[in-house]
Amino acid sequence: MSTHSASTQAQSFQHRPPADTGECSCPIHADGDPFTAPLGIRFADHVGVEPIDRETAAAVYEAHHSYMGSLPSVNLAHHGLYFQDSLVGAITYRYPLISKKRIRYGVDGQLCPEPVEIDSLPAEIRATARRVLPSADTPVVDSEVVSGDSLVEAARICMGVRMPNLASAALARSQERFLQADDRDTICMGVRMPNLASAALARSQERFLQADDRDTRFLLTWVRSDYDGAMVRALQDKGWTCTGYREPGQASNREDKPIRERYKWRFLCPVDTAREQSTLARWSR
């Protein structure tokens, strides 16, 4: 597994949180609790991202993801999130399982949500809906239907430690690294299927080994509707917009999972916006 090699300057701060009473043997905590920094300490220069293997990513999600402790079968890249050379989280990218999606735009070209009647949603998620959905007062002036392969899904985003603003900083680093196409020459296969690896490799070479990445226009991720934690704030801070939701329902061609019985918010981020988030200076204060 690759590890981040950011230099630790003399003025850097290292803080070890109090020992947890629980035992965790995941890759993050296998050698003890990683260093973290409290609010107010400069840390952005010590946040890094490196590719990790499927097994490491899966172990992180199993131990620390709030509600999705498993991995999709086929993925594009697994990123390890590091603070001062210590693994603290992971992000996994893949193609979304959709064929097309309508994108709506406001007056200034910003993303707009699909029409949503908040009062018609289940009572337990209405308050969260009012926080995560953009104002319905913004008029939709244009829309387009984009193909599913113009979107890339951040299928898993997980932090294994508590540290203010770390999620936002790590997400920005990961977006920057992913859009540089440095890590997408590897396809991780989690199932045995004749010729699947060859077909997936051909698709990857066609789409992701192009440095300009002209076909990828949006990043996509989903957040459970009743989950209103730090990751929601991190997405919003990094230019992601909640554009709607997915209703509960099991997939007919996949294993049933409890998460599919819940509403989920859909967040999108234009690739151009993600590229603009390459600086982390605001999170170092």
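Are Phe43 and Phe83 buried or exposed? In this predicted model, both Phe43 and Phe83 turn out to be buried. These two residues also belong to the wider story of the aromatic rings, since the structure holds four aromatic pairs. A pair of aromatic rings is described by the distance of the centres and the angle of the planes.

Take Phe43 and Phe83 to begin with. Their rings make an edge-to-face pair, with 6.3 Å from centre to centre and 75° between the planes. The two partners come from distant parts of the chain, 40 residues apart: Phe43 belongs to the segment before strand E1 (47–51), while Phe83 is in strand E3 (residues 77–83).

Tyr93 and Phe178 are arranged in another way. The ring centres of Tyr93 and Phe178 are 4.0 Å apart and the planes meet at 15°, so this pair counts as stacked; the cut-off for stacking is an angle under 30 degrees. Tyr93 sits in strand E4 (residues 86–94) and Phe178 in helix H3 (residues 166–179), so the pair ties together parts of the chain that are 85 residues apart in sequence. As for exposure, Tyr93 has a relative accessible area of 1%, so it is buried. Phe178 is buried too, with a relative accessible area of 1%.

Further along, ring pairs join Tyr245, Tyr263 and Trp265 into a cluster. Another ring, that of Trp222, has a charge for company: the charged end of Arg246 sits over the Trp222 ring, 3.8 Å from its centre.

How values were computed:
Residues are numbered from 1 along each chain as its sequence is written. This is a predicted model: local features need pLDDT of at least 70, side-chain atom pairs count only at pLDDT 80 or more; totals for chains, interfaces and linings use all residues. Side-chain values use heavy atoms; hydrogens and water are left out. Rings of Phe, Tyr and Trp (its six-membered ring) pair if their centres lie within 6.5 Å; planes under 30 degrees apart count as stacked, over 60 as edge-to-face and the rest as tilted. Helices (H or I, at least four residues) and strands (E, at least two) are DSSP runs, numbered from the N terminus. Buried means under 20% relative accessible area, exposed over 50%, partly exposed in between (1.4 Å probe, protein chains only). A charge sits over a ring if NZ of Lys or CZ of Arg is within 6 Å of the ring centre and within 35 degrees of the ring normal.
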